[in-house]
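Hi everyone, thanks for coming. Let's put the sequence and the structure up on the screen, and then I'll walk you through them.

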Amino acid sequence: MFTESAAQERLAAVVVERESVRTQVLGKRSALDDAIAALHGPDGMRVRGFMVEPAHAVPRIDPFHALRALLVAPLALGADVKELVISPAGPVGYVPFGGLL
């Protein structure tokens, strides 16, 4: 489950494994907004009535690489993981996770 923490400046994930539960800080919300904006083009993306726009000029990046680095890599999921349930909140819900895994 992806959640927003401390004044919505940082993102966190709750990772539930067979024998443990942990919270993983994922990084700054502005970096995620930039990556989502890059994914959806230079004009950003409208999500449920509000605009997701980059915090500043978005450099030319591979948005899938950036999103993978922000959302998937910090989870440090082992090779033995067979099932992954994602419950995103807000604009993260519009990220195509199938392309990130």
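Okay, one bit of vocabulary before we start: a residue is buried if its relative accessible area is under 20%, exposed if it is over 50%, and partly exposed in between, with a 1.4 Å probe and protein chains only. Keep in mind that this is a predicted model, where local features need pLDDT of at least 70, side-chain atom pairs count only at pLDDT 80 or more, and totals for chains, interfaces and linings use all residues. Residues are numbered from 1 along each chain as its sequence is written, and side-chain values use heavy atoms, with hydrogens and water left out.

So, the overview. The protein has 2 helices and 5 strands, and reading along the sequence you get β-β-β-α-β-β-α. When I say helix or strand, I mean DSSP runs (H or I, at least four residues, for helices; E, at least two, for strands), numbered from the N terminus. Of the 101 residues, 30% are buried.

Let's start with two strands. β2 covers residues 10-17 and β3 covers residues 20-28, and they pair in the antiparallel sense over 8 bridges. Pairing here means that DSSP finds at least two bridges between the strands. The two form a hairpin, with 2 residues between them. If you want one pair to look for, find Ala13, whose bridge partner in β3 is Gln24.

Now, how many salt bridges does a search of the whole structure find? Just 1. The side chains of Glu17 and Arg22 meet in it, at 3.8 Å, N to O. The rule is a side-chain nitrogen of Lys or Arg within 4 Å of a carboxyl oxygen of Asp or Glu. As for cover, Glu17 is partly exposed because its relative accessibility is 33%, and Arg22 is partly exposed too, at 24%.

On to helix α1, residues 29-40. Its 12 residues reach 17 Å from first C-alpha to last, close to the 16 Å expected at 1.5 Å a residue. That expected span is 1.5 Å times one less than the number of residues. Which residues of α1 are buried? They are Arg29, Leu32, Asp33, Asp34, Ala35, Ile36 and Ala37.

Leu32 takes us to the largest nonpolar core, which has 17 residues; Leu26, Leu32, Leu67, Leu71, Val95, Phe97 and Leu100 touch the most other members. The elements giving two or more residues to this core are β2, α1 and α2, and α2 gives the most, with 5 residues. A nonpolar core, by the way, is a set of buried Ala, Val, Leu, Ile, Met, Phe, Trp, Tyr and Cys residues joined through side-chain atoms within 4.5 Å.

Last stop: the segment after α2. Leu75 sits there, and it counts as buried because its relative accessibility is 8%. Leu75 and Val15 are 60 residues apart in sequence, yet 7.5 Å apart in space, C-alpha to C-alpha.

Ala76 is in that segment as well. Most residues other than glycine have a negative phi. Ala76, though, has a positive phi of about 50° and is not a glycine. At 58% relative accessibility, Ala76 counts as exposed.

And finally, where is Leu101? Leu101 is in the segment after α2 (63-72), and it is exposed, with a relative accessible area of 57%. That's my tour, so let's take questions.
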